[in-house]
Each structure stands twice: as structure tokens, then as C-alpha cells.
Amino acid sequence: MNKRFSTLVAAFAAIATVSYAQIGDKYVHLKSSSNYLTWDKASLADSVALGSKGTTKADMDSALWKANLVRVNMPGNDSIYTLTNKATQKQLSFSAKLNGADKFGTAIAAGISEFKIKHNGSGYNIIGTTTDGKLVEMAQTSGSLMVDGKTDKNGTTGTAAVFTVEAAKADYAVTKEDLAPVLPSFKFDFAGRDGGLFTANELIPVPVGNKFRFQVVGQENSTKGTKKPQYITIDTVMVGTAASVKAASFQLDTTITVTSSAYKGALNEGLQTFTLKMDLGNDSIVMTTDSIVRFNTAGEFEVADHGAGSGVTYLVGYKSFDGSAKLVVDSIQINAPLITISKGTPVKLAGGTGVYSLQLKAKGGNPKAANNDKYLTGTSATYAEAASVYVPSTQFYVKENEDGTYSAQARDVASATVSSGVTTGPNGESLAVVAPEQPFTNQPLYAVDAAKSIYTTVGGDTLVFTKLDVDMANKHIGYKYYTKEEMGYGAVKFNLASKAADDIYLTLVQDSVIAGAKGVDKAVELRLMEGADLAAVGDTIYYGAQALGDTLVRVAYAMEQAYDAEGRLAHETVSGVEVVKLSKKAGLQKQRFFFVAGPAEDSYKIVEATTTNNDILTLNISNLSVTYDEPVAGVETYFNIEGAEAPVYKKMESGHYNIGNGLEMLTASAGVAKMLRVGDELKAASTADDFSLYVDSAYVNRGEDNTEYGYYIYKGAEVKNDTIIGSVLSAKGKFAADAAKGDSAIFRSATIVKDTIAYEGDLKDGKQNKYKVRDAKNTSLVGFKVVEEGGFEIVALNSNKKLAVVNGVVIFSDNVAPLTFTTEATEAPTANEDVEVSEVTVIAGNGNVTVAGAQGKKVVISNILGQTVANTVIASDNATIAAPQGVVVVAVEGEEAVKAIVK
């Protein structure tokens, strides 16, 4: 063997024999004079320095190195090593290049990482070699490197550091942080040997001064009596026989605070208190106890103080019994194991950031063992039997942070309320006050069983992480949500979701009471209303894992019978009994409800949002009664929610209509709104065309929150792209007759461009006034409010006045009973009424027809018999063509044919 190599190995080996342990390769200190080679992390870049080895384990680990033989170079028999630092597990490596100060520094950098360790009589030189053959050594001056003996650009000569080998501290007192620096528990490793209670499970260290008790994870507490904490304790049962080697093994027991016959009148605290001393050379541990159990020749035990007898030391180790090794505590013939600590390494979730269910794993004496295999929820100490992609209280948003740690927060609490659980946010929004649980924040995850996705955090629960296939775009998950459009045009009915009863719906019985009934034809249809419709707040609640940027929204609704025939859904005290009914009682008009999804999101609980108890509607299958109660797990009532049409305002397609009330129809007469009949004596010459009114949306961009479906009603209109010119039904001028009051209904000339209206002659300072759709001065915006099947009222939406008739005068009023109208699609009027719905305009005159906007197009004019009277291509943008008196049909190329009456 190479002499230098054997000398170095001998030096390492000289410090490698430590009592009670069979130890392999170890880390050692490399000492130059009174200084130690230390890994320095204080500067921006890692480097090595010559300085104190420190007194803490972290500092001493930074000054410990292991030499690893790489090869033996031939010729010369030079043994080549790498040097690994214990604290960083990085190799010593230099670039041997000048730094910014034009010196050769000791910063750690790629380059020279293999070294000859050469014995020079008084110690060792550590020598590296550059690719061009220059020798690299550390100088005696800390932070200085020598390249071919020079320390800087100027060629200053240095003195090489000579190192001696010093053993690592062999009796370092172990701390709780050494045992469990991150996880609440740890494991001992007895070099792969069976360590009984010490190695079968993870242990929780419980400090007792500078010593420890150990609890076994999963068996932290006794199963007897008051279930006190229990610890690994020296057993009083002898291993071996009285005639052979005798020793005590280990058991789990609670701490005896008064003398007990189980220990022959002694206490057992010393039997479960262990002293741990660590050899920092390889972090192996020697374990002793404060007290021991000894046996006499008859096999009887006694509890004695540790070290009783001169020079006696009692260790945890192995002794041979009947040819097999048993872990015991004794002082003689003990084979101390190589005991090390198995520390967890942070891991990454394969699924990364996302929504997970978290299933609890807690067995044995764990205080949460009763909830083992149940699922965490957003409410502390509340567990669910199952998690669902439709139940946000069983979902946790888990976020992977940039530093590799994780944070988690539930997406909802287990029970959501409004009245006691809402506050106003910075933008006026309602926020859930009770934030969902955050089981861990900015914590590394450690694998308990990665194959089964079981992880834990520092001081946290052991959990199974299961990523859920959740629709992240659904911000209303867990609750039934209706758009403004659906609310404005629809209603709902509730069908009992039960395998025990089929086709049961909520219905109305005597005194407007809600009950169950068989058959969809019995179902009560209820229209939904939000808080804004009720002058109430707290319906739209923002919740979710907001601390992690995951926001959800739930909405509560009031429910009224379509067209308000019976009132709104409420629970009302009647003769001392809480009754679910439709009520018109003033104080009950703002009761609102959440629709809370079941595990499959195909059925929902009806949960009141304006109570602190989360009371729900419950249907009794036996008698079909409906009650209002606090929820009871397992007997909660779920309903399938079915849709129905019950529009607040009628949706109208743009087009021509007859708008009538019985035998009379709405029309214009000399600019005034009239209710007339065909052939009416007041207008004997009126024809069907006189009652054809053009209805068009008042909005170009109505927006999803606007469900009033505002319209303009025209008598004579010309539509060109986004501009309409015509006479529009409007309110103008006051009307009063006896007690009746209102505004006169007229047809007023106006120009509508996109979402603005300008009335002819309505000027300010010579400039045309223009009004937005919802401007109070826009008196033409109307809606067709549905009041009964097939009927509606015409409402001026900016004043909330309705079309009515007083003494034959049509008015908009809020104190006169409104008319109920029906609509019927009809044909466009003839051209002399100036009604047109394209860019081409046809105007009948005296003995001619004028066609505008059709330059370059072919025009064919026919009489009532179908005979062609004109067939020409128009050369100008405004052409007049001769035509016979009477009704003619004008067909412009690319346009629908229109009728015109030529005078």
C-alpha cells in the first residue's frame, strides 16, 4: 500500500474507534495551527476559511470533512481524494483563478476538486493541480489560496497550510432539534437491525431537561383509564433465564407519579428517561437511561439508579439469548448498535398546486383516532365521511410556494351563514367572516408513504392527499347559482330527491302552506329574487380559499310565487308553530335561502341564509309535511331543482305587432296614442296598417345583469344600421282627471342611435339633447311586464308608470289600473306610412314612387294584378319613378318587396 495513503488512513482510523459503537468512515476536523478548515456560508458565495470550529452542532458540522479515495495515480503512487463537508454535503473545489481583488481566493467554484493529501512529518498538505500542471494549496492566511506558491496577481509568496487530523466531538448532547428539526416525529435507525419499539414506528421526542422520553406515533396515549400519555419504558419482565444472562427489554407505559406495586414501590420516570450522546463524526448515538431494572439470581427485579455500582454504565444495546440478539438495557456483554437518526426530506406533490381532499390518518393513542379515515373540512374539528368535487367544504386549495413549501386552505366552511358570517369588503362586497380552515401554511411536506400519497407537515396531521377533478372556472361550486337572465325569465320547482318516494314536489295547500304532493302538475313555481331586488344586502357572499387567491361566490335568493299571487317563501309562526308557507307578512319578505349542493351536485338542500343556525326545509315522506329545522346529519332533505318559465318581463323579437286589449288595439292618431278598433267611428278610414307597430330593443349592449328587456314602440320607423328614425311611444305632458293622474301618451319623433335617444325639437343652447336608455328624461323606454299567462302591462321603465286609459285618453300612470295587453305579429305597413327596415327607403307620392339608397340596383314596380309597370336600374341615390294610382308592389334588388299606395 502507498505509504502516504496508509499513513492518512491510519490517522483517520486512530480516531475511528469509539466505545460502544462499531463505526465506519467518519468526518474529522482538519486543523491548521489553532484554526480549523470551515465551510463559510456568511458571504454571498460559499467559500472555505480557517477559523474556529464553533460550539453548536451546526458550526461543528461546518468544520467537519470526510476524505474519499478516488484513485491511486501511477507512477508516483499518489492517492487522490475528494473532501466532502458534513454540513453542506458539498465537495471542496476551487477555480484557481484571480478574483475581483486580483487574488487567488478560497471561494467554492467548479475546477479543482481532487487533491493529494501529502504527509510532511508534522501534518498534511492538501494539494490540487490545475490542467496546466500548477500546484494549488491553501495558505496559512485564511481565505487565501496559493497557485504555484503565489497568492495574488503580483506574485506575493504565501506559506502553505499544514493540517492535522482531530476527531469530532464524540459526546455531543443531542437536542430536540437534532432529533426532529422539521417533522414532529423521527425514526431511529439501528443500522438496519430490529430495534423493537425504537425502530418499528416513528417516535415523538418529549424533552425532560437535557434528556428525553419517547412516544410511539399512533400509540401516543394509553388505551386504559384516562388515556394518559405513554412512553417507551424499561420492562420489568426479564429476558433470558435466572440461570443464564439476564436483562430487561422495553414496553410502553404511562408515567407513575406515586409509588406503585408494579414497580415494587418505586417510580418509573427514570426507566423512561433516556440520555443521548452523539458522535459528530458520523452522528451515531449512544443511549443510556437514568434508572435500570436489575435481576437477582432468582430472577427477581429491582429498580435501581443509573450507574449503581462502581464504574458501571447501562446502555441500550444487543445481547445474545439462545443464539439470537435481543435489544435490552444492560451494563455487561452489551453490543451497542450504530444508532442514527432518520430525518425526513421535503417532497413535492406530484399534482402541484390545485384542489385536493385531505383524509386524516390517526390511529392508536392519537387523540384524533376516532376520526381516522375521515376527511378534513373547512370547519375545525368537523370531519366528513367523504369528499366531493361538488362540496367545497371538503376541498382544500393547496398551493405550492416558490420556496418549495406548501399552504392549504379549505374552500368553504362546513356550514355557511349570512347574518353572523358576513362583513363588508374594501369594495363594498360581502365577505364571509368565518374563514375556512388552513391546516398548514408555508410548510414543507414530508412523505409518510409517498406511494399512497400520504404526507405530513411540521406538527401537523398525517394526511392522504387526493387531487380532485374540480372545474376551477366554476366560481359557484357547491351552491346552485342563477344568472340574472335566468332569474328574470324563469322560475323553479322542487322535486324531492329520494329513492323512497318518487315524483314528489313542493306544492301549495290551504292557507298558502308549503307541503309535498305527487305529480309535477301540483308543483308550485317560485321566482327567484336577490337582495338588490329587496333593498337587502348580504346575498352575494365571497368565500373560498381567499388567503391563497382562490375566490368563490355563493348567492342567496328570496322566492315568491310567480306574479306574486300568494307571497314569498318564509317560515312564519302560526299559533306557536313554525310553518313553512308563502307569506305576505311585511317582516318576512326578506327571508332568503341558499341552495347547497349534495355530494353529486344533482340535488340541493334549501338552507336559510338569514339565520345563524343554517336551518333547512325538511320534507317528511310519511305525511308530506314540510318543516323548518336545524339540519340533522343523515336526515337532511335534498331536492332536484327543475326550471319553469315565469318571466318578469316579456322578451320580444324585433318586428311588427298588433298590441291589443280585447277588441281595441294601440295605435297613433295625429301623434297621440289611441286605443281603437278597425273601422272605429273616430277613425273610419283606419286599416290594418294603422295598427301595425314596430317593436325594437332599446339596447345595443343590454348586458347580462339587465333582465327588464327594454323596448321602443314605433309607429312608422326607418332602420339604417344602428340608427332608427321614427315616431316612438313616449310620455309627455301632465294629465289629470278627477283622482287620475299621469303623463299623456304620445308618439314623438325621435332618432335612436345605439343606446341613446334624441327627441325632435328637444334642444339646449341650440344643441340636440341625447339621453341614455336609463336616463329619467328618456320617457320612451317600455317593458312588457308579464302579469298572467299570455298577458302583460306596458311599463315606462324610467318612471315605473304603466299604460292605462282614463275617459278614452291613453296615459302612463301609477295610480290608475293598467291595461292588460296581448301581442300578435303582423305585416309591415305599406310604404306611404314610411315604415322600412332596411337601408333602402320607398316613399309613395302623387303619381310616383321615390326610391332612396338603391343606387345601381334594379327596381321592379308591379300593380295589384301583378303587371309590371316599371323595370329599371336606378342611376342615382334618390330616384323618382312614375307609377299608377293605387296599391303597387315595389321590389328592389336584394330587398324584400314592399307595398305602397300611390295617390
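**Salt bridges, polar contacts, a cavity and backbone angles**

Ala497 counts as partly exposed, with a relative accessibility of 30%. The residue is found in the loop between strand 36 (490–496) and strand 37 (504–508). In sequence, Ala497 and Ser603 are 106 residues apart, whereas their C-alpha atoms are 6.5 Å apart in space. The model described here is a predicted one, and every value given for it is computed from that model.

Charged side chains were examined next. The structure holds 27 salt bridges. One of them is formed by Arg554 and Asp412, whose closest N and O atoms are 3.5 Å apart. Arg554 lies in strand 41 (residues 552–555) and Asp412 in the loop between strand 29 (406–410) and strand 30 (422–424), so this salt bridge ties together parts that are 142 residues apart in sequence. Arg554 and Asp412 are both buried.

A salt bridge also joins the side chains of Arg527 and Glu560, with an N to O distance of 3.8 Å. Arg527 belongs to strand 39 (residues 526–529) and Glu560 to strand 42 (residues 558–561); with their positions 33 residues apart in sequence, the pair links distant parts of the chain. Here, too, Arg527 is buried, and Glu560 is buried.

Glu572 takes part in two of the interactions described. Its salt bridge is with Lys581, the closest N and O atoms being 3.9 Å apart. The relative accessible area of Glu572 is 13%, so this residue is buried. Lys581 is likewise buried, because its relative accessible area is 14%. The side chain of Glu572 also makes a polar contact with the side chain of Ser583, at 2.9 Å. Ser583 has its place in strand 44 (residues 577–583). With a relative accessibility of 2%, Ser583 counts as buried.

Glu608 presents another case of a buried acidic residue. Its place is in strand 46 (residues 604–608). Glu608 is buried yet has no salt bridge. The nearest side chain of opposite charge is that of Arg592, which is 7.9 Å away; a salt bridge requires the nitrogen and the carboxyl oxygen to be within 4 Å. The side chain of Glu608 does, however, make a polar contact of 2.7 Å with the side chain of His571.

Elsewhere in the chain, a network of salt bridges links Lys57, Asp61, Lys86 and Asp283. Within this network, Asp283 lies in the loop between strand 17 (274–279) and strand 18 (284–289). Asp283 counts as buried because its relative accessibility is 19%, the cut-off for a buried residue being under 20%. Asp283 is 109 residues from Val174 in sequence, and the C-alpha atoms of the two residues are 9.8 Å apart in space.

The interior was also searched for enclosed space. Two cavities of 30 Å³ or more are present in the structure. The volume of the second largest cavity is about 40 Å³. Its lining is made up of Leu37, Val48, Ala49, Leu50, Thr106, Met138, Ala139, Thr141, Gly143 and Ser144. Strand 3 (residues 47–51) supplies the largest share of this lining, with three residues. Sorted by class, the lining residues of the second largest cavity are six nonpolar and four polar, with no charged residues.

Backbone angles were considered last. Most residues other than glycine have a negative phi. Asn800, which is not a glycine, has a positive phi near 60°. Asn800 is placed in the loop between strand 62 (791–796) and strand 63 (801–806). Asn807 is also not a glycine, and its phi is positive at about 55°. The loop that holds Asn807 runs between strand 63 and strand 64 (809–813). Asn807 counts as exposed, because its relative accessibility is 68%.

Key. Residues numbered from 1 in each chain as written. Predicted model: local features only at pLDDT ≥ 70, side-chain atom pairs only at ≥ 80, totals over all residues. Heavy atoms only, no water. Helix = DSSP H or I, 4+ residues; strand = E, 2+ residues; numbered from the N terminus. Buried < 20%, exposed > 50% of the residue type's maximum accessible area, 1.4 Å probe, protein only. Lys, Arg positive; Asp, Glu negative; His and termini not counted. Polar contact = N/O pair within 3.5 Å; in protein donor to acceptor, adjacent residues only side chain to side chain. 1 Å grid on protein atoms, 1.4 Å probe; cavity = no way out; pocket = protein on both sides within 12 Å on 5 of 7 lines; lining within 4 Å. Points joined across faces, edges and corners; volume = space filled by probe spheres on them. Nonpolar A, V, L, I, M, F, W, Y, C, P; charged D, E, K, R; others polar.
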